[in-house]
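Open the model in your viewer and set it to a cartoon view. We will start with the whole chain and then move in on one pair of helices.

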Amino acid sequence: MTESTTAPRRVPLNRDRVLHAAVALADGLGIEALSMRNLAERLGVVPMALYKHVANKEELLDGMVEVIVGEIDPPAPGADWKRAIRQRILSARQALLRHRWASQVIESRTHAPPVVLEYMDSLMGTFRAGGFSVDLTHHVMHALGSRIWGFTQEVFPTPPPPADPEARAAMFGQLAARYPHIIEVATAGSHDGQSAVGGGCDDQFEFEFALDVLLDGFERLHRQGWNSAERRPGTRTAG
């Protein structure tokens, strides 16, 4: 008798598998390493096989954004608007921390995929269900900006200080003589080696601080019945 062997069954290629493989590749090697050729190699197919599921690299990146947005928690049942918005934005932040390249890709998109529009629509719906006017909802979404995706844009990147203690002390001494308030504030904060803020501030704390300040401000404006018409030039200002 001859011994028969069965070849392992190949997992069928589909759009979902392509997108998740692309996300995994970007997580492991960085978004710069993502190409249709590299992705095809990872999946064990020829590059042309990918084009049955994504038309080009831009469509691939759109799909990767869909995967990331899909990781954001749905609205918490029974939560008030403030708690629900805070929870969802912090969930978005955790998704982006798992995929460090994602903010760069989100910012590069020229149009919003349906899942992105659904997320934004859901946030606006939470404000509206909380009693916010259409006018105030419009402005709070602008104020939140990139925070709805869990990241903020810093005005100026700050390089890390030298590792050598003497060189670091010398650098801070020179800067303190010229920019005393910057150094005073920069050296007073807590530190986080992965931070994008200042010279190593606690990014998570800074993000939540800014988010809570905004949400508290939105709540105050909502209670006051704020509307933008009263703030525009040439109109009566609120007393």
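This tour goes from the overall fold to a single helix contact.

**Whole protein.** Keep in mind that this is a predicted model. Colour by secondary structure. You will find 11 helices and zero strands. Follow the chain from the N terminus: the elements run α-α-α-α-α-α-α-α-α-α-α.

**Surface.** Now switch on the surface. The protein exposes about 14,900 Å². Carbon and sulfur atoms supply 56% of that area. How many of the 239 residues count as buried? The share is 33%.

**Contacts along the chain.** Go back to the cartoon. Take the contacts between residues at least 6 apart in sequence: 65% of them join residues at least 24 apart.

**Helices α7 and α8.** Select residues 114-129 for helix α7, then residues 134-144 for helix α8. Their axes come within 10 Å. How do the two helices lie to each other? The axes cross at roughly 130°, and α7 and α8 are therefore oblique to each other. The crossing of α7 past α8 is right-handed.

**Side chains at the contact.** Show side chains on both helices. From α7, pick Met120, Leu123, Met124, Phe127 and Arg128. From α8, add Val134, Thr137, Val140, Met141 and Leu144. Together these residues make the contact. Colour them by type: eight are nonpolar, one is polar and one is charged. The charged one is Arg128, on the α7 side. The polar one is Thr137, on the α8 side.

Methods:
Residues are numbered from 1 along each chain as its sequence is written. This is a predicted model: local features need pLDDT of at least 70, side-chain atom pairs count only at pLDDT 80 or more; totals for chains, interfaces and linings use all residues. Side-chain values use heavy atoms; hydrogens and water are left out. Helices (H or I, at least four residues) and strands (E, at least two) are DSSP runs, numbered from the N terminus. Buried means under 20% relative accessible area, exposed over 50%, partly exposed in between (1.4 Å probe, protein chains only). Contact means heavy atoms within 4.5 Å. Accessible areas come from the Shrake-Rupley method with a 1.4 Å probe; for residues, only the protein chains shown count as cover. Axes are lines fitted to C-alpha atoms, for helices over the stretch in contact, and angles run from 0 to 180 degrees between N-to-C directions. Angles under 35 degrees count as roughly parallel, over 145 as roughly antiparallel, 65 to 115 as roughly perpendicular and the rest as oblique. A crossing is left-handed if the near helix is turned anticlockwise from the far one by less than a right angle, and right-handed if clockwise.
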